[in-house]
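Student: I'd like to learn how to read a structure like this one. Could you walk me through it?

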Amino acid sequence: MDLRSYIRDIPDFPKEGIVFFDITPLLGDGKAFGEAIDNLYEKFKDTGATKVLAAEARGFIFGAPLAYKMGIGFVPVRKPGKLPYKTVNVTYDLEYGSDTLCMHQDAVAEGEKVLVIDDLLATGGTAAGMLKLVQEVKGEIVGLGFLVQLGFLDGKDKLDEQGYTCLLTL
Ligand code: 5GP
């Protein structure tokens with residue numbers, strides 16, 4: 001199945017000059033969505049991970065079913081002010097400004113094996129932020145996976161040392 005054909009290119013979104021890769025056609029097709037989750041499962045099923053960690057909002061869509069299929073826990077990473085318990089936080093640079101991601105401080109135990117998942121790798125800022133959160137609580141990253149990577153941006157360089165897997169390169 002050609003998963004690329006289920007990703008729609010939207011020019012000038014969210015602002016002029018940016019092409020946004022819309023994954024909702026893939027989500028809307030049971031077979032394509034299922035195949036994306038199954039493919040991620042095949043890549044990561046032998047990592048020994050006991051948690052899947054993903055950031056709101058689109059990361060949840062892939063991370064949660066993957067965790068279910070692997071039979072392991074799910075850790076939500078959220079924007080500030082959303083998580084009710086004590087959090088660890090990381091602030092990272094964006095093209096203009098910065099962003100903060102938060103995780104419950106007890107969501108990952110020291111030495112626990114963690115799989116980090118997101119829908120799309122662009123500049124790598126979000127992924128690097130999630131990796132930092134796991135490192136902060138001394139978890140062990142055993143995999144990093146994306147549905148899509150944008151090959152024309154530098155996210156891959158940021159993550160090369162860590163190593164990662166993606167199903168599609170655009
Ligand atoms: P990065 O932090 O690597 O620059 O951006 C990746 C994050 O932004 C991901 O969490 C992803 O959900 C979101 N994102 C950025 N650009 C796109 C895009 O074109 N399509 C989708 N679906 N998500 C995007």
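Tutor: Sure. Keep in mind that this is a predicted model. Let's begin in the loop between β1 and β2, where D12 is placed.

Student: What sign does the phi of D12 have, although it is not a glycine?

Tutor: Positive: D12 is not a glycine, yet its phi is about 60 degrees. Stay in that loop between β1 (8–11) and β2, because P14 is there too. A cis peptide bond connects F13 to P14, with omega about 0 degrees.

Student: Which residue does a cis peptide bond join to E56?

Tutor: That's A57, and omega is about -10 degrees there. You'll find A57 in the loop between β3 (51–55) and α3.

Student: Now the ligand. Which residues are around it?

Tutor: Look for F20, F21 and R58, then the run D118, D119, L120, L121, A122, T123, G124, G125 and T126. By class, that shell has five nonpolar, four polar and three charged residues.

Student: Which elements each supply at least two residues of the shell?

Tutor: β2 (19–22), β7 (113–121) and α4 (125–136) do. The largest share, four residues, is from β7.

Student: And how do I read the polar contacts with the ligand?

Tutor: Look for pairs of N or O atoms within 3.5 Å. Here, a polar side-chain atom of T126 is 2.5 Å from a ligand oxygen atom. D119 also uses a polar side-chain atom, which lies 2.7 Å from an oxygen atom of the ligand. With G125 it's a polar backbone atom, 3.4 Å from a ligand oxygen.

Student: How much of the ligand's accessible area does the protein cover?

Tutor: On its own the ligand has 510 Å² of accessible area, and the protein covers 84% of that. The space the ligand takes is the largest pocket.

Student: What about aromatic rings: what describes a pair of them?

Tutor: Two things: the distance of the centres and the angle of the planes. Searching the whole structure turns up four aromatic pairs. One of them is F33 with F62, at 5.8 Å centre to centre and 90 degrees between the planes. Planes over 60 degrees apart count as edge-to-face, so this pair is edge-to-face.

Student: Where do F33 and F62 sit along the chain?

Tutor: F33 is in helix α2 (residues 30–44), while F62 is in helix α3 (residues 58–70). They are 29 residues apart, so the pair links distant parts of the chain.

Terms used
Residues are numbered from 1 along each chain as its sequence is written. This is a predicted model: local features need pLDDT of at least 70, side-chain atom pairs count only at pLDDT 80 or more; totals for chains, interfaces and linings use all residues. Side-chain values use heavy atoms; hydrogens and water are left out. A residue is near a molecule or strand if one of its heavy atoms lies within 4 Å of it. A polar contact is a pair of N or O atoms within 3.5 Å; within protein, one must be able to donate a hydrogen and the other to accept it, and residues adjacent in sequence count only if both atoms are side-chain atoms. Accessible areas come from the Shrake-Rupley method with a 1.4 Å probe; for residues, only the protein chains shown count as cover. On a 1 Å grid over the protein atoms alone, a cavity is a set of points where a 1.4 Å probe fits but cannot get out, and a pocket is an open set with protein on both sides within 12 Å along at least five of seven lines; lining residues have an atom within 4 Å of a point. A molecule sits in a cavity or pocket if more than half of its atoms lie within 2 Å of its grid points. Ala, Val, Leu, Ile, Met, Phe, Trp, Tyr, Cys and Pro count as nonpolar, Asp, Glu, Lys and Arg as charged, and the others, Gly among them, as polar. Rings of Phe, Tyr and Trp (its six-membered ring) pair if their centres lie within 6.5 Å; planes under 30 degrees apart count as stacked, over 60 as edge-to-face and the rest as tilted.
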